[in-house]
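Biologist: Please take one part of this model and look at it closely: the interface. Start with how you assign secondary structure, then go through the charged pairs and the packing.

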Amino acid sequence: MKKRYFEDFQLNETITMGPRHVTRDEIIAFATRYDPQPFHLDDAAGRATPFGGLVASGWHTIAMCMRMMVDGWIGQSASMGSPGIDQLRWLKPVRPDDDLTLTMIVRTIVPSKSKPDRGIVKSDYELKNALGEVVMTFSGMGLYGRRPS
Amino acid sequence: MKYFEDVEIGAVLETATHTMDREEILGFAQAFDPQYFHTDEDAAKTSIYGGLIASGWHTAACVMRLLVDQFKGKTASVGSPGFDDLRWLKPVRPGDKIYARSVCIEKTPSRSKPNLGTVRMRTDVFNQKDELVMHMTSIVLYLRRPVKSTGG
């Protein structure tokens, strides 16, 4: 894959990533360290809630998305990280043995005013499960370097 | 037990401090955010960050743990529909000691579910120099205090 620079993004460009399989063991491992609420650790506790069973921490779902994004294009780009995220919504639970597919659409491309060697690309993201249900959406920014002259 | 009605707008709650561990930074990044400035200490020196930095998602996950530890068992919160305005403002490096301050900025009873209410929490994350490294505005669902039924 050719290295992607700031100039290589196009408005409304779409990238689809996945599917990524989610296992029970990794749900429990992530939640044990980062989000030890009972419905992320244990089936019985999950059944006692409206989730109806063990569900992944929303932060784990995001982390899995990030991996998909790095594998999808970020790892082959002049990425300098991200200033942040807007309007993230966890819409449906993510469960053991789900298969997740992520779609990204480029919405704005803005050169940096203060640093001419970089710019920010803002994109909308939609994560779906194997049933085609949207489980998570967000708007994310990426900081990318310009192609060296 | 803190229910929706007990949440005070403006009251600031502070978490304990977490020291960002180099091995854990590398391990999280290998699994979830394998960009070179998160996984390769030598290569990271050539980045705009000048050295290894934690994935922003790792910092956020550590903050979630601090919040869960602070509130676990004490609040009737039942999950979160999401968050807005998350910004990573300063790099977080191995050895940095981070802590969070959360404040309720708004609360709204649910119109559709009378046993629930929504609380908006602004969380600011600081390092050991008290520099603001991250912030976000979370939406948290709370149970409303159970109504005692009157005898018949």
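Modeller: Helices here are DSSP runs of H or I with at least four residues, numbered from the N terminus. The model is predicted.

A pair inside one chain makes a useful reference. Asp69(B) and Arg65(B) form a salt bridge, with 2.9 Å between the closest N and O atoms. Both sit in helix H4 (residues 56–71) of chain B, and because they are four residues apart, about one helical turn separates them. Asp69(B) has 42% relative accessibility, so it counts as partly exposed. Arg65(B), at 23%, is partly exposed as well. Lys45(B) and Asp42(B) make another salt bridge, at 3.5 Å from N to O. Those two residues are both exposed.

Now the interface. Chain A puts 32 residues in contact with 33 residues of chain B. About 3,000 Å² is buried between the two chains, and carbon and sulfur atoms give 60% of that area. Three residues stand out on the chain A side: Arg33(A), Tyr34(A) and Trp59(A) supply 23% of the area that chain A buries against chain B, more than any other three residues.

Which charged pairs cross over? The count of salt bridges between chain A and chain B is three, against 22 over all chains. Arg33(A) pairs with Glu24(B), the closest N and O atoms being 3.0 Å apart. Arg89(A) meets Asp84(B) through a salt bridge of 3.1 Å, N to O. Arg89(A) lies in strand E2 (residues 84–90) of chain A and Asp84(B) lies in strand E3 (residues 82–88) of chain B, so this pair joins two chains. The two partners fall into separate accessibility classes. Arg89(A) is partly exposed at 23% relative accessibility; the cut-off for buried is under 20%. Asp84(B), at 13%, is buried. Beyond single pairs, a network of salt bridges links Asp86(A), Lys122(A) and Arg87(B). Side chains of opposite charge can pair when their charged atoms come close.

Polar contacts add to this. Across the interface of chain A and chain B, 21 residue pairs are in polar contact, both at pLDDT 80 or more. On the chain A side, helix H1 (24–34), helix H3 (58–72), E2 and strand E5 (134–145) each supply at least two of the residues that touch chain B. H3(A) gives the largest share, eight residues. By class, that side has 17 nonpolar, eight polar and seven charged residues.

The packing comes next. The largest nonpolar core has 66 residues. Trp59(A), Met69(A), Trp73(A), Met136(A), Trp57(B), Phe83(B) and Leu86(B) touch the most other members. Trp59(A) thus appears both in this list and among the residues supplying that 23% of buried area. Trp73(A) touches Arg4(A), Phe9(A), Ile15(A), Met17(A), Met104(A), Tyr125(A) and Tyr144(A), leaving aside residues up to four places away in sequence. A second, separate core has seven residues, including Val7(B), Val119(B), Met121(B) and Val140(B). In soluble globular proteins, nonpolar side chains tend to be buried together.

One more position, in chain B. Gly27(B) is in helix H1 (residues 22–32) of that chain. Its relative accessible area is 39%, so Gly27(B) is partly exposed. Ser77(B) is 50 residues from Gly27(B) in sequence and 30 Å from it in space, C-alpha to C-alpha.

How values were computed: Residues are numbered from 1 along each chain as its sequence is written. Chains are lettered from A and ligands numbered from 1 in the order in which they are written. This is a predicted model: local features need pLDDT of at least 70, side-chain atom pairs count only at pLDDT 80 or more; totals for chains, interfaces and linings use all residues. Side-chain values use heavy atoms; hydrogens and water are left out. Buried means under 20% relative accessible area, exposed over 50%, partly exposed in between (1.4 Å probe, protein chains only). A nonpolar core is a set of buried Ala, Val, Leu, Ile, Met, Phe, Trp, Tyr and Cys residues joined through side-chain atoms within 4.5 Å. Contact means heavy atoms within 4.5 Å. A salt bridge is a side-chain nitrogen of Lys or Arg within 4 Å of a carboxyl oxygen of Asp or Glu. Buried area is the accessible area (1.4 Å probe) that two parts lose on being put together, summed over both. A polar contact is a pair of N or O atoms within 3.5 Å; within protein, one must be able to donate a hydrogen and the other to accept it, and residues adjacent in sequence count only if both atoms are side-chain atoms. Ala, Val, Leu, Ile, Met, Phe, Trp, Tyr, Cys and Pro count as nonpolar, Asp, Glu, Lys and Arg as charged, and the others, Gly among them, as polar.
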